[in-house]
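Colleague: Could you walk me through how the chains meet here, and then through the sheet? I'd like to follow the reasoning one step at a time.

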Amino acid sequence: MSVVFEGVSFRYPEARVPALRDVSVSIRPGEVTWVFGDLGAGATTLLLVASGLAPRHTSGVLSGRVTVLGVDPATDPALQGDIAYVTASPEAQLSHVAETVSQEVAFAPANLGWPRERIWNAVGQALERAGVAQLADRHPAELSGGQLQRVVLAAMMALEPRIWILDEPASALDVSGKAMLHVLLREAASSGAVVLVASEDADAMAGVADRMIVLSEGSTILDDAPSTILSGDAVWQVCRGSTTLADLARRAGAIRPASEFCAPYPITVPEAVARWRR
Amino acid sequence: MTVLCFDRVHFGYGGRPAIDDLTLSVDAGEGVALLGPNGAGKTTAARLAMALEQPDRGEVTVAGASTRGRQPEDLAAAVGFLFQDPRAQLVERTVQLEVAFGPRALGWEESRVSGAVADVLGQLGLTEVAGSHPYDLPLPTQRLVGLGSVLVAGPRLLLLDEPTAGLDRMGRERVCRVVGQHRAKGTAVVAATHDVGFAIEALDRGILLSEGRVLADGSLAGLLDEAWDIEPPVAMAVSRALGFPPTVNRLADVARAVAALPVEAP
């Protein structure tokens with residue numbers, strides 16, 4: 001049970017170069033898989049293809065084969081309600097018909113025809129977990145960007161999907177919102193779901209993800225444990241950056257070349273301090 | 001010189017208070033981070049400063065004039081506003097036309113428009129996509145296009161709502177540099193942000209909002225040191241843990257201090 005890419009390439013209409021090139025990768029359930037790369041490297045496209053939204057909603061040409069839980073995510077009705085996708089822009093994700101936050105979160109389960117009691121149980125729990133229970137009766141249009149991002153995450157939780165696909169889900173979240181999101185990702189993975197996240201925030205994801213896939217110009221370049229990739233130099237050869245700690249080490253090393261500033265780079269602040277304090 | 005002033009401002013959505021007796025002022029060239037939890041009133045404060053909302057009570061003054069009775073377009077020459085969702089402000093067919101839109105609307109001569117547009121596209125690394133349709137670009141790149149279009153005319157006040165969301169390291173560095181350049185020319189920058197790493201690089205004053213009120217207002221580093229339930233930027237955490245002076249907070253400064261640590265005796 002997973003998301004499988006076999007030789008997948010994808011090109012948007014009018015684009016000079018493909019957004020994905022011959023990607024073969026299998027995203028396993030039970031772990032948080034984090035996709036990282038420079039802007040335009042293909043992370044968002046990988047997520048759109050995995051969720052069946054590209055090319056259906058984006059246009060473009062797909063070659064190769066993508067299967068989710070063994071079937072085609074773009075067309076197979078068997079997956080209805082199994083894939084939850086969070087875009088980087090919460091405003092773009094609202095139903096625009098719900099008049100309250102509760103209705104917004106209930107929208108997808110209601111469309112799937114769940115019994116009323118199950119819907120409202122799921123909605124109540126999801127609002128609570130996302131920390132937005134106090135906003136239940138507010139109109140979604142009245143909310144701030146960060147509050148909306150929490151509501152969108154609540155809507156995802158209510159669905160209890162088997163496949164979680166999230167594009168920069170923390171972009172407007174405050175500290176407690178980020179902590180909530182990280183717990184959510186870990187719990188979803190522990191429950192056996194597939195969790196696929198694209199994020200530029202290497203500092204935050206270093207401690208959350210089990211697996212890191214680095215994309216460059218549409219190809220998968222590195223695929224390993226985040227601590228392995230982030231402590232190394234290879235990621236700096238294909239991306240413009242990784243963690244702040246690696247950046248600090250490299251900047252310090254450029255001023256005074258020394259072994260303590262070379263890879264392996266520290267992953268946590270205590271590691272960095274232990275290494276650099278003499 | 002004061003560019004933005006809130007004097008005992010109250011504002012609510014449908015009777016629910018969002019801004020509650022807010023008083024603050026921002027001078028030319030200042031860089032202010034508006035911090036606070038989700039729903040604290042950061043975006044609403046920025047909308048009031050752009051005359052996208054009118055106060056229920058109190059007064060908002062921008063570049064010397066009250067926003068009372070004025071429309072956002074009346075402020076367009078003096079104020080640039082980057083929305084949290086940049087697509088809310090992208091209206092043209094190419095990136096180049098988008099960035100030229102404001103100066104043209106302000107009646108600039110064509111030669112001045114094209115020079116300013118080329119400069120801004122270069123500063124933000126957008127020259128290569130000048131001919132692209134903004135909607136064909138990734139969301140974070142759209143954010144850079146939105147930023148270019150609001151700063152091209154050299155506003156006196158720049159209001160930025162989560163300007164670095166989703167940007168990669170190079171994009172963030174470009175935003176930092178551009179903010180610095182405009183501040184040096186006297187533009188006041190107010191950014192609502194959760195990206196404290198960006199804030200400490202580009203800004204130096206912090207205003208912490210909670211439930212529409214000012215909870216703290218002062219040096220950004222000092223505010224982050226107070227641990228108001230805000231996680232400090234990684235470089236700053238390293239600086240504190242290694243006992244560097246409290247002014248050593250930015251990446252380049254922390255790296256210099258780290259490099260200057262005494263070398264272990266052989």
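Colleague: How many salt bridges are there between chain A and chain B?

Modeller: Keep in mind that this is a predicted model. A search of the whole structure finds 27 salt bridges over all chains. Between chain A and chain B, the count is 4 salt bridges.

Colleague: Thanks! Which residue of chain A forms a salt bridge with Arg16(B)?

Modeller: Let's place the two partners. Arg16(B) lies in strand β2 of chain B and its partner sits in the loop between α3 (116-129) and α4 of chain A, so the pair joins two chains. The closest N and O atoms are 3.6 Å apart, within the 4 Å cut-off for a salt bridge. The partner of Arg16(B) is Glu142(A).

Colleague: Which element gives the largest share of the side of chain A that touches chain B?

Modeller: Happy to narrow it down. The elements of chain A that give two or more residues to this side are α4 (145-159), α5 (175-190), α9 (244-255) and α10 (269-276). The largest share is 7 residues, and it comes from α9(A).

Colleague: And how many residues on that side of chain A are charged?

Modeller: In total, 40 residues of chain A are in contact with 41 residues of chain B. On the chain A side, 14 are nonpolar and 10 are polar. The charged residues there number 16.

Colleague: What area do chain A and chain B bury between them?

Modeller: The size of an interface is often given as the accessible area lost when the parts come together. For chain A and chain B, 62% of that area is on carbon and sulfur atoms. The buried area is about 3,600 Å².

Colleague: Now for the sheet in chain B: which strands stand at its edges?

Modeller: Start from the order, which is β2-β1-β4-β5 in an open sheet of 4 strands with antiparallel pairing. Each edge strand has a single partner strand, so one side of each is left without a neighbour in the sheet. The edge strands are β2 (16-27) and β5 (65-66) of chain B.

Colleague: Which residue in β5(B) is the bridge partner of Thr61(B)?

Modeller: Strand β4 (residues 57-62) of chain B runs antiparallel to β5(B), and 2 bridges join them. In β5(B), the bridge partner of Thr61(B) is Ser66(B).

Colleague: Last one: at what angle does helix α1 of chain B run to β1(B)?

Modeller: Helix α1 covers residues 42-49 of chain B. This helix lies across β1 (2-13), β2 and β4 of chain B. Its angle to β1(B) is about 120°.

Definitions and conventions: Residues numbered from 1 in each chain as written. Chains lettered and ligands numbered in written order. Predicted model: local features only at pLDDT ≥ 70, side-chain atom pairs only at ≥ 80, totals over all residues. Heavy atoms only, no water. Pairing = 2+ DSSP bridges. Contact = heavy atoms within 4.5 Å. Axes fitted to C-alpha atoms, helices over the stretch in contact; angles between N-to-C directions. Buried area = accessible area lost by both parts, 1.4 Å probe. Salt bridge = Lys/Arg side-chain N within 4 Å of Asp/Glu carboxyl O. Nonpolar A, V, L, I, M, F, W, Y, C, P; charged D, E, K, R; others polar.
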